[in-house]
Amino acid sequence: MSRVLLFTGKGGVGKTTLSAATAASLAANGRKALVVSTDPAHSLGDALDVRLGAEPSEVDGSAGLYACQIDPRGLVDEAWGELRGHLRTVLAGAGVDELDAEELTVLPGVEELLALAEVRRLAASGPWEVVVVDCGPTAETLRLLSLPEAFAGYLERLFPTHRRVVRGLLAGVAGTGTVEKWDATADALSRLAERLDALRSMLADPSSCSVRLVLTPERVVAAETRRTLTALALQGIRVDSVIANRLVPSPGAARGAAASWLRTRRQEQDAVLAELTGIGEIRTVDHRASEPVGVPALLEVAEQLYGSADPLPGDADATSMLEVSGSGRGLDARYSLRIALPLADDTELDLARVGDDLALTVDSRRRLVALPSLLRRCIVTDAEMDSGGVTVGFRPDPSLWR
């Protein structure tokens, strides 16, 4: 399966240009690369200065560089249409009005979900070594990357995993005389579940998929980038680098009003980047006098962005988000659960115990963290937050400890 690089950032920061430049650089150095746009406002073709369709095609004059713009509407008509038809039949058999059944089978986010599934299909089936994805703005991308898990949970609650259970459920809803008809629905649901599992596996595997965050050196954009880093870590998705785009070139020793303006603006940008501590190396790209359009101009951008370094990140070992430590024995024991997350000083954090899970809400984004078996028989005593994550204290619950 091809390596997948997802580029995202606040709207207007230049992620399309940088994703196209990265793919062009990979191809120029002998790797077959596909650059794909899932952004509804497609501008990838404009950056490459070529016409693009929904199917990958090789960019003229650039051996090894392929590109396409995914058409979510077409994917909905092709893939989701079949399942919607089956579900409408099931609901109609359960006595649901035809119009209501039509409305109930329109799920928000299905277009974005299928676009992400298409990215995985391309990564698994094409001749390219790397798939570079020009994603939508940050908020849309975070929603997109959370959809596989959300849809999988929704599907599991509606239709249990075991196929015979699904088959029996559907037959019970619509009558035992038409079991074969409901088998088609069960098959369609199973295929959707398999695609969701494959997506979740790809996103959670740091050796298969990673995100690159693009920002411009402005305080509002930098603050959103910090929140995005936390949100992605909360979802277990690796960020392999952060790119600061459109830095004002230093005027050097030049004098005059223009040089003074450039010097002041660059100092402000440097101060913003200096405040982004604890997030690793930040690559930088200068603001260019002319818009980089076409492969030659994009390669110039890539040269400044990567220099002699490989644009493709090295393999990363999957690291656990959770670490348990403890001391003492029996009811006198005390345990700590460390949840690794990059957190800003103004992060809003909330913790709640939900059965065998810990509900972690960070800046309105919630994730259920499955507690290790040792801590399921314990109660929460305290919690502390720092820039590297959250430490939650536990002690044994006398009513559960045997």
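Me: What is the expected span of a helix?

Reply: The expected span of a helix is 1.5 Å times one less than its number of residues. The model shown here is predicted. In this model, helix 9 has 16 residues and should therefore span 22 Å; the C-alpha atoms at its ends lie 23 Å apart, which agrees.

Me: How many residues does helix 1 have, and what distance does it reach from its first C-alpha to its last?

Reply: Helix 1 has 14 residues and reaches 20 Å, close to the 20 Å expected at 1.5 Å a residue.

Me: Which residues of these two helices are buried?

Reply: A residue counts as buried when its relative accessible area is under 20%. In helix 1, 12 of the 14 residues meet this condition, so the helix is largely enclosed by the rest of the structure. Among them are K15, T16, L18, S19 and L26. In helix 9, the buried residues include V221, A222, E224, T225 and T228. L229, T230, A231, L232, A233 and L234 of helix 9 are buried as well.

Me: Which residues with a positive phi come after these helices?

Reply: Just after helix 1, G30 has a positive phi of about 95°. Helix 9 is followed by G236, whose phi is also positive, near 75°.

Me: Where is empty space left inside a protein, and how many cavities of 30 Å³ or more does this structure hold?

Reply: Rolling a probe the size of a water molecule over the atoms shows where empty space is left. This structure holds 2 cavities of 30 Å³ or more. The largest cavity has a volume of about 40 Å³, and the second largest has a volume of about 30 Å³.

Me: Which residues line the largest cavity?

Reply: The lining consists of G9, K10, T138, L213, V214, V221, E224, T225 and T228. Two elements, strand 6 (209-215) and helix 9 (219-234), each give two or more residues to it. The largest share, 4 residues, comes from helix 9. By class, the lining has 3 nonpolar, 4 polar and 2 charged residues.

Me: What lines the second largest cavity?

Reply: R226, L229, T230, I279, P342, L343 and A344 line the second largest cavity. By class, this lining has 5 nonpolar, 1 polar and 1 charged residues.

Me: What is the volume of the second largest pocket, and which residues are closest to its centre?

Reply: A pocket is an open set of points, whereas a cavity is one from which the probe cannot get out. The second largest pocket has a volume of about 420 Å³. It is lined by 25 residues, and those closest to its centre are G14, T17, R246, E291 and P292. Helix 1 (15-28), helix 2 (44-48), strand 7 (239-247) and strand 8 (282-286) are the elements that give two or more residues to the lining. Helix 1 gives the most, with 4 residues. By class, the lining has 9 nonpolar, 9 polar and 7 charged residues.

Me: Which residues of the largest nonpolar core touch the most other members?

Reply: The largest nonpolar core has 75 residues, and V4, L6, L48, L65 and V131 touch the most other members. Helix 5 (residues 110-125) gives the most to this core, with 8 residues. Apart from it lies another core, of 19 residues, including A333, L341, V362 and F394.

Me: What does L6 touch, leaving out residues up to four places away in sequence?

Reply: L6 touches V133, C135, L145, L203, C209, S210, V211 and R212.

Notes
Residues numbered from 1 in each chain as written. Predicted model: local features only at pLDDT ≥ 70, side-chain atom pairs only at ≥ 80, totals over all residues. Heavy atoms only, no water. 1 Å grid on protein atoms, 1.4 Å probe; cavity = no way out; pocket = protein on both sides within 12 Å on 5 of 7 lines; lining within 4 Å. Points joined across faces, edges and corners; volume = space filled by probe spheres on them. Nonpolar A, V, L, I, M, F, W, Y, C, P; charged D, E, K, R; others polar. Core = buried A, V, L, I, M, F, W, Y, C linked by side-chain atoms within 4.5 Å. Buried < 20%, exposed > 50% of the residue type's maximum accessible area, 1.4 Å probe, protein only. Contact = heavy atoms within 4.5 Å.
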